[in-house]
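Subject: Structure handover

Hello,

Here is the structure you are taking over. My notes on what was found in it follow below.

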Amino acid sequence: MAFAVSPLSFLGLALVRRRQALEHADAAGTRRKRALRQLQRSLKQTETLTIETIGEAMEQYLMAKLGWERSQLTREATKQHLTAKDEELAGQWDAFWEACEMQRYGASQGNIDALAQTLLTLGETTETSKSS
């Protein structure tokens, strides 16, 4: 048994190194694949959710998924890009973005937890969409 530990640990380290090399070679693809996990993690790591937390999580998810920088991410640009791929999905994202803006800048006193749940559902829908 002791003789097998060294080759098995070498094999394990070789697999980890290979995975890291593949991730490094396709950084944008890796970022897109991890977008939903990051979204879930960012919404669960804070004890009290705020509209700023939800907005930041939405922006981070969309930037990772679309491969955009923060300066490229606007509501209109996102809507145009997503409309070309899936019109229904684009409409859902636009409606969510509008709800966030109303919560933040308007007189709306919506439920923050419901917004967070909607964001998670929308992220899962985007992941399962054939246009992602």
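The model is predicted, and its chain has an average pLDDT of 83, with 82% of the residues scoring at least 70. Confidence is lowest in helix H2 (residues 27-33), where the mean is 60. It is highest in helix H5 (residues 75-85), at 93.

Aromatic pairs

There are two aromatic pairs in the structure. One of them is formed by Tyr61 and Trp93, whose rings are stacked, 5.8 Å centre to centre and with 20 degrees between the planes. Tyr61 belongs to helix H4 (residues 51-66) and Trp93 to helix H6 (residues 87-105), so this pair ties together parts that are 32 residues apart in sequence. Tyr61 is buried, as its relative accessible area is 1% and the cut-off for buried is under 20%. Trp93 also counts as buried, at 2% relative accessibility.

Trp93 also pairs with Phe96, and here the arrangement is edge-to-face: the centres are 6.4 Å apart and the planes stand at 90 degrees. Both residues of this pair, Trp93 and Phe96, lie in helix H6, three residues apart, which is about one turn of the helix. Phe96 has a relative accessibility of 4% and counts as buried. Ring pairs thus link Tyr61, Trp93 and Phe96 into a cluster.

Salt bridges

The structure holds eight salt bridges. Three that link distant parts of the chain are described here, one by one.

Arg104 forms a salt bridge with Glu52, and the closest N and O atoms are 3.9 Å apart. This pair links helix H6, where Arg104 lies, to helix H4, where Glu52 lies, across 52 residues of the chain. Arg104 counts as partly exposed, at 46% relative accessibility, and Glu52 is partly exposed as well, with a relative accessible area of 43%.

Lys65 and Glu127 meet through their side chains in a salt bridge of 3.1 Å, N to O. Lys65 is in helix H4 and Glu127 in helix H7 (residues 112-128), and the two are 62 residues apart. Is Lys65 buried or exposed? At 14% relative accessibility, Lys65 counts as buried, because the cut-off for buried is under 20%. Its partner Glu127 is partly exposed, with a relative accessible area of 25%.

Arg75 forms a salt bridge with Glu98, where the closest N and O atoms are 3.8 Å apart. Arg75 lies in helix H5 and Glu98 in helix H6, 23 residues apart, and the pair links these distant parts of the chain. Arg75 is partly exposed at 25% relative accessibility, and Glu98 is partly exposed with a relative accessible area of 41%. Which residues do salt bridges with shared partners join into one network? They are Arg75, Lys79, Asp94, Glu98 and Glu101.

To recap by helix: helix H6 holds Trp93 and Phe96 from the ring cluster, and also Arg104 and Glu98 from the salt bridges. Helix H4 holds Tyr61, Glu52 and Lys65.

Regards

Definitions and conventions
Residues are numbered from 1 along each chain as its sequence is written. This is a predicted model: local features need pLDDT of at least 70, side-chain atom pairs count only at pLDDT 80 or more; totals for chains, interfaces and linings use all residues. Side-chain values use heavy atoms; hydrogens and water are left out. Rings of Phe, Tyr and Trp (its six-membered ring) pair if their centres lie within 6.5 Å; planes under 30 degrees apart count as stacked, over 60 as edge-to-face and the rest as tilted. Helices (H or I, at least four residues) and strands (E, at least two) are DSSP runs, numbered from the N terminus. Buried means under 20% relative accessible area, exposed over 50%, partly exposed in between (1.4 Å probe, protein chains only). pLDDT is the predictor's confidence in each residue, from 0 to 100. A salt bridge is a side-chain nitrogen of Lys or Arg within 4 Å of a carboxyl oxygen of Asp or Glu.
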